[in-house]
Amino acid sequence: MHTAKQAKAPAKTHGQPATKGNGHSKHAGEDFEIDVRALRERAREHLDDGAVTEDYRADRDAVVHMLNDALATELVCVLRYKRHHFMATGIHAEPVAAEFAEHALQEQDHADRIAARIVQLGGEPDFSPDGLSARSHAEYVTGNNLRDMIRENLVAERIAIESYREMIHYLGDRDTTTRRMLEEILAVEEEHADDMHDLLERE
C-alpha cells in the first residue's frame, strides 16, 4: 500500500525579505514591511536632490549653514596647527611639533569630510578666506612660546568638542548620516584634547 507523499514545506528564508506580488517586502518573522513599489516611485522623483530623499527630516539649509561653520572651524585649526608646527622651538619642540603636524592632517581630513557632506546635501562648502575666522568657533592664536601653543590648541579642541556635541544633539535622528560623521570627528577631537593636555602637563 502506497502512502501519499507529503507536500514539502516552503523553504525558510532565514531573515531574507520575501517580496509579495503587491510590491511589498516583508522580513520573515517580523512586522517590518517595506512598500517597495512606492519606494521605487519616490526614488525616481526629484533626482536633482541626489542623496537627499523625501524622508530627510532636518532643515537642510540650517544643516548646511551649521556644517559650513564647522568647516571654517576645522580650516582655522589646520592653519593654527600648521603655524605651530613650523614655529615650535626649544629643547622639547621636536616631538611637540610632530604632534602639531599630525593634528593638522587630521583636521584637514575633518574639513574634507564636512565639505563632501555639504555637497551631498545640495549645498556649497565655503572655503572663502574672507570671514573665515569670524565663521570659525575656534580662534587663530599664534602663541608666544611652546607652552602657549599647546595651551591654545587645547582651548580650541575643547571649543570644538562642545560645539560638535551641540550639533549632534541638534540633529538627533533627523539626519543620522551627518550625525554619525560628526560623532566620529568628535571622537578624534577628544583624542586631540587628551594629547594637548598630556603635553601641557609635561611642560
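Trainee: Which residues form a negative surface patch in this protein?

Mentor: The structure is a predicted model. Asp and Glu count as negative, and residues of these two kinds make up the patch. Its members are Glu-191, Asp-194, Asp-198 and Glu-201.

Trainee: Is Asp-194 buried or exposed?

Mentor: Asp-194 belongs to helix 6, which covers residues 176–202. The label "exposed" requires a relative accessible area over 50%. Because Asp-194 has a relative accessibility of 51%, it counts as exposed.

Trainee: Where does helix 6 fit among the elements, and in what order do these run from the N terminus?

Mentor: The secondary structure comprises six helices and three strands. Elements are numbered from the N terminus, and helix 6 spans residues 176–202. Starting at the N terminus, the order is β-β-β-α-α-α-α-α-α.

Trainee: Is Leu-79 buried, partly exposed or exposed?

Mentor: Leu-79 sits in helix 2, residues 60–87. Buried means under 20% and exposed over 50%, with partly exposed in between. The relative accessible area of Leu-79 is 45%, so this residue is partly exposed.

Trainee: Which residues does Leu-79 contact, leaving aside its neighbours within four places in sequence?

Mentor: A contact requires heavy atoms within 4.5 Å. With those sequence neighbours set aside, the residues in contact with Leu-79 are Leu-132 and Tyr-140.

Trainee: What share of the contacts with a separation of 6 or more joins residues 24 or more positions apart?

Mentor: The protein has 203 residues, 36% of them buried. Among its contacts with a separation of 6 or more, the share from residues 24 or more positions apart is 70%.

Terms used. Residues numbered from 1 in each chain as written. Predicted model: local features only at pLDDT ≥ 70, side-chain atom pairs only at ≥ 80, totals over all residues. Heavy atoms only, no water. Helix = DSSP H or I, 4+ residues; strand = E, 2+ residues; numbered from the N terminus. Buried < 20%, exposed > 50% of the residue type's maximum accessible area, 1.4 Å probe, protein only. Patch = residues over 30% accessible without salt bridge, like charges linked within 9 Å, V, L, I, M, F, W, Y side chains within 5 Å. Areas by Shrake-Rupley, 256 points an atom, 1.4 Å probe, with all protein chains shown as cover. Salt bridge = Lys/Arg side-chain N within 4 Å of Asp/Glu carboxyl O. Charge placed at Lys NZ, Arg CZ, Asp CG, Glu CD.
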